[in-house]
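Biologist: I should like a close look at a single part of this model and at what surrounds it. Please set out, in one connected account, what may be said of that part and how far the prediction may be trusted.

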Amino acid sequence: SINFGAEKPRQAMVDRERRFRRLESVLATNKSPPEPYADVTGQRRRRRIRGPAGEWICDGEGANKTPDGGSRVEIEEQYEMERLRAMNAKYFAESERGGSENRSIPRHKRASYYLDPKTSKQSGTNTLPGDPFRLVTPRRFTNERPQPFSVLIESNTMVIMDLHAHLATTEVIGLLGGRYDAEARVLRAAIALPCNSLSTGVQCEMDPISEMEARDFLDGRSMQVVGWYHSHPRFAPNPSVRDIENQATYQRLFARNEGTEPFIGIIITPYDVRYPADTSLFAYFLVSHEKDPDLDCEVPFTFSRDILRSESLTHDLFYQAVDLIVKYRSYTHRVNLSEPFRVSESRSRLDKLLFSLASHIYVAEDEASFFLRALRDVLDRTLVNPCPGRPLLENLVVPHPTSSRAPPPVLVNTSTSTNAISKTRE
């Protein structure tokens, strides 16, 4: 070596002298000498490794701890919570998702990483594994595989479904009543019955009590349950894997001896701002019982339907609508109808709602205008500018003020609806 026999640098001599002095002081106090590889404090140096959250920790200490002292199990739960937040984000506006970003876990495990179009495309996380709420595009019936029966839906039924979907930022649910003609193979949906949901935020499960009440009502009118509807407030009305499972269960429940399953599913999307029109999107679907191996669920099919134009906007229709609006007066996640539908426009959500309802009305123009004005007045008094001391129907001119029977029930109980933010998994 070129330094062989050369005088050692002065700093090295100083460091060695310091170590000897420290050793002498330790021996003088009858303490054990410091271990090899000790630092200047006398503590043994430990190898630094990456912890479960990607942070630097000492080898042998904290291997099962998070940066804030939690266990490995706890951090795995945090990862799962972020994954679920990402799965559910498409169901809510950003202001309604709740919770702040968890910065104690690695970026690639946060919900924001899953939601970023660039990172989700690169990592393949735009379709999260095991997501029961993944949306599936239905197939179409063909000549080789025809639609099993024809479907007729009364226009007044469309009015109630559309109104119901506009009232909540979470998913709503209801049943369709009507009749099925087995000989003609025609299903007719004549009435919509808004029901209570056991929803935790956006999961849409029918409350069995309101379902039984709806069946009792339909039995009294010689009708039967012929379908169900629910909403996708802000995203495409394609059925999710969970929707497909529910539809398949209902179809098996209502299967007839000849093999047909006269039960339909309808999905309404009222507030998708990407859709250029101000009318709501409706999707109609049935489920075959063949499995799609790629989707790991049964295959949905969209069906064609004809709208039966109701001859009048009846007393029953108006008061069912009023009852429905009143039920959502105290709902935590009701829609703020005074806000603009699109940020760049002055048209409010209330204007959008009434415009969409008008698309289902086929009566004379003066009757339609009178009905919509009365409905706007109720919405304004109840949800937009409520006045607690003012009777709801005071000085309100209503269409068809008399009737021989009670209007169809609204089986919604918003006072007991679960006030949650995200979907749950089984």
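Modeller: A residue counts as buried when its relative accessible area is under 20%. By that cut-off S348, with a relative accessibility of 12%, is buried. S348 belongs to the loop that joins α8 and α9, and the part I propose to examine is helix α8 (residues 315-327) with its surroundings.

Some context is required beforehand. The model is predicted, and the protein chain has a mean pLDDT of 77, with 60% of its residues at 70 or more. Confidence varies by element: strand β4 (residues 150-154) has the highest mean pLDDT, 98, and helix α4 (residues 117-123) the lowest, 44. Over residues 119-129 the pLDDT stays under 50, and the model gives this stretch 15 contacts beyond four places in sequence. A second such stretch is residues 416-426, where pLDDT is also below 50 and the model has 33 contacts beyond near neighbours in sequence. Where pLDDT is low, predicted coordinates should not be read in detail. The chain as a whole contains 10 helices and 11 strands, and 45% of its 426 residues count as buried. Of the contacts between residues at least 6 apart in sequence, 70% connect residues at least 24 apart.

The first neighbour to consider is helix α5 (residues 155-166), whose axis lies 10 Å from that of α8, at an angle of about 10 degrees. Angles under 35 degrees count as roughly parallel, and α5 and α8 are therefore roughly parallel to each other. On the α5 side the contact is made by N156, V159, I160, L163 and H164, and on the α8 side by L317, Q320, A321, L324 and I325. These residues comprise 7 nonpolar and 3 polar ones, with no charged residue. A general property of helices is relevant to such patterns: an α-helix has 3.6 residues a turn, so residues three or four places apart point the same way.

L324, one of the α8 residues in that contact, can also be related to strand β6 (residues 186-195), in which C195 is placed. The C-alpha atoms of C195 and L324 are 10.0 Å apart, although 129 residues separate the two in sequence. C195 is buried, at 3% relative accessibility. Another cysteine, C297, is likewise buried, with a relative accessible area of 2%. With a disulfide taken as a pair of cysteine sulfur atoms within 2.5 Å, the count of disulfides is 0.

The loops on either side of α8 may now be added. Between β11 (306-308) and α8 is the loop that holds S310, a residue that counts as buried at 12% relative accessibility. Neighbours within four places in sequence aside, S310 touches E154, S155, N156 and V363; N156 also takes part in the contact of α5 with α8. In the loop between α8 and α9, S348 has contacts with L337, S338, E339, P340 and F341, again apart from its neighbours within four places.

Finally, helix α10 (residues 365-384) has among its buried residues A368, F371, L372, L375 and V378. R381 and T382 are also on the list of buried residues in α10. The buried residues of α10 pack against α8 and α9 (349-358). Helix α8 is thus described here through its packing with α5 and with the buried residues of α10.

Definitions and conventions:
Residues numbered from 1 in each chain as written. Predicted model: local features only at pLDDT ≥ 70, side-chain atom pairs only at ≥ 80, totals over all residues. Heavy atoms only, no water. Axes fitted to C-alpha atoms, helices over the stretch in contact; angles between N-to-C directions. Helix = DSSP H or I, 4+ residues; strand = E, 2+ residues; numbered from the N terminus. Parallel < 35°, antiparallel > 145°, perpendicular 65-115°, else oblique. Contact = heavy atoms within 4.5 Å. Nonpolar A, V, L, I, M, F, W, Y, C, P; charged D, E, K, R; others polar. pLDDT = per-residue confidence, 0-100. Buried < 20%, exposed > 50% of the residue type's maximum accessible area, 1.4 Å probe, protein only.
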